[in-house]
Amino acid sequence: MDRVPHRRARALKKKTVLLLSLLAVLLGGLILLWANRPYPLPDPGPAEANRFLLDRPEEEIAAVAITPPDGNPYPLVVTENGLRLLGREDTPLFEDLTDRILYAASRVETALAVADTAEGGLTMADFGLSDPYARVAVTYTDGTQAELLIGDLSPEEEPQYYAALRGEGQVYTVLRAYVEDFFHDMWYLIEFDQPELTGDFLDRVRISGSLTLDLCRAAVGWRMDAPFAYPVDGNKIDSLLSSIESMGFESCLGTLADNDLAALGLDDPVLTVEITQAATKVSGKDAEGNDLSYTLPEHTYTLLLGAETGKSGVYAAWEGRVYKASNFLFGFWKELTAEEFLLRQPVNFLVNQLDNLRVETDKKTADYRVEMVEALLQNGKIQTDEYGNTLYDAVIFKEGVETDAQAFLSWYVRLNDIAPAGRVREGYTVSGDCRAKIILQNAETTREVAFYPYDALHLAMAVDGVCLYYVDGSCLDIISDCP
């Protein structure tokens, strides 16, 4: 047998004393922290943890009555088609949501046992359970019932609520994930079709109310018809169309007639949005494989945005029905400004969109014609991209005579870069002689960009007769430098 060294034993005793001292300090800190809690909580009872509340199979559930946080209760009954609203059994509900509700009503697992109010000292009110945040009453096929009360959020790092069964004194915490499907109001369950819009098929977006804005698809890009007649920034319209495609409502509150529109702010909406979808040809095959094709006529959808539902939502009306919508998906409408859509670089026709370009200055005038011809390989074959699409080269004619295409294209890129230095002062109108003019033209549209004196260093820039910006006077050198 090995001997235990006495010196080592004495060293261990010193460490033990130090450890006990540290534990005493830690215990004192915990007692102080305990005293500063909103209400005193006993140690979790491990023997009661992981209990399953409402722990009976789904097959034994006959009905589930939910009182969500908004305080408006609704009963659900089990039918051959799953859960349905009592008295509205023919109303379709979102099946994935009702399946989750039925599952949750059969199995709510506790995280911790935190108190037994029957022992005195603490009450249900201390946990928000005397006036619960939400309640769930389950009726079983044998006629018995159980009611789950869901109270305040606990201070745990992971989101948990205090919970208890009515008639019992024991209080538990349950993870939010196990009970959050009980927090939806009745309308959230009712099935409805979401908007299905494709940006490529949209021709117009007209907004009135707190914002006036009228955007319309043009021969080249989009144009603004109100509050200004002006070309539109392509990136900005693409972003708007993408946001429109992503629109999705949270819940349907029924028809316009079913709702108090004044209470929802929809009798005098903040914004009225009209979205026009172009006539669309739809092609496909029938069950036998035969080709089918039909045309959907042009249609204008109307969206009304009313009062806020709270911090994160808004009431909306769409195609004759009323919805709740999140600001995450619909808030962009209220953030739009006309200014952000104004095209700041108006000489923006793509080369393959350009048929003719004319430049006029006090020094010279030049006319160009652009033709796109098939690009040829050295062997004389037509050049294509990796997808088999034909590639084209630009051929440039100046005053009817072919000229250096590369020199023209390099100069045209410089024209593309002409951009505002700032916004003209309120009420400004152009005056004086036009210093320079650029006219872009194709078979469908003509755009005129003209420059007038503004101050000693700048020129006012008018696009199709509308002057909103001024530019640096050095742009005259770029315009005059035509090849």
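## Sheets, a hairpin and a helix

Strand β7 (residues 145-153) pairs with strand β8 (residues 160-165) in the antiparallel sense, over four bridges, where two strands count as paired if DSSP finds at least two bridges between them. Helices (H or I, at least four residues) and strands (E, at least two) are DSSP runs, numbered from the N terminus. The model is a predicted one, in which local features need pLDDT of at least 70 and side-chain atom pairs count only at pLDDT 80 or more, while totals for chains, interfaces and linings use all residues. Residues are numbered from 1 along each chain as its sequence is written, and side-chain values use heavy atoms, with hydrogens and water left out.

Within the pair just described, L149 stands opposite A164 in β8. Strands of a sheet pair through backbone hydrogen bonds, either parallel or antiparallel. Both β7 and β8 belong to an open sheet of nine strands, ordered β1-β5-β9-β8-β7-β6-β2-β3-β4, with antiparallel pairing. At its edges stand β1 (52-53) and β4 (82-85), each with a single partner strand, so one side of each is left without a neighbour in the sheet. Helix α2 (residues 95-104) packs on this sheet and touches β2 (61-67), β3 (74-79), β4 and β5 (108-116), a contact being heavy atoms within 4.5 Å. The direction of α2 makes about 105° with that of β4, given that axes are lines fitted to C-alpha atoms, for helices over the stretch in contact, and that angles run from 0 to 180 degrees between N-to-C directions.

Further along the chain, strand β15 (residues 271-277) runs antiparallel to strand β18 (residues 299-308), and seven bridges join them; here I275 has Y301 in β18 as its bridge partner. Strand β18 is also joined by four bridges to strand β19 (residues 313-318), again antiparallel, and E308 has V314 in β19 as its bridge partner. Four residues lie between β18 and β19, which form a hairpin.

Helix α8 (residues 405-416) offers another kind of packing. Its residues F408, W411, Y412 and L415 are buried, which means under 20% relative accessible area, with exposed being over 50% and partly exposed in between (1.4 Å probe, protein chains only). These four cover an arc of only 105° around the axis, which puts them on the same side of α8, the arc being that of the directions from the helix axis to the C-beta atoms. The buried residues of α8 pack against β21 (356-361), β22 (365-374), β23 (392-398), β26 (436-441) and α9 (475-480).
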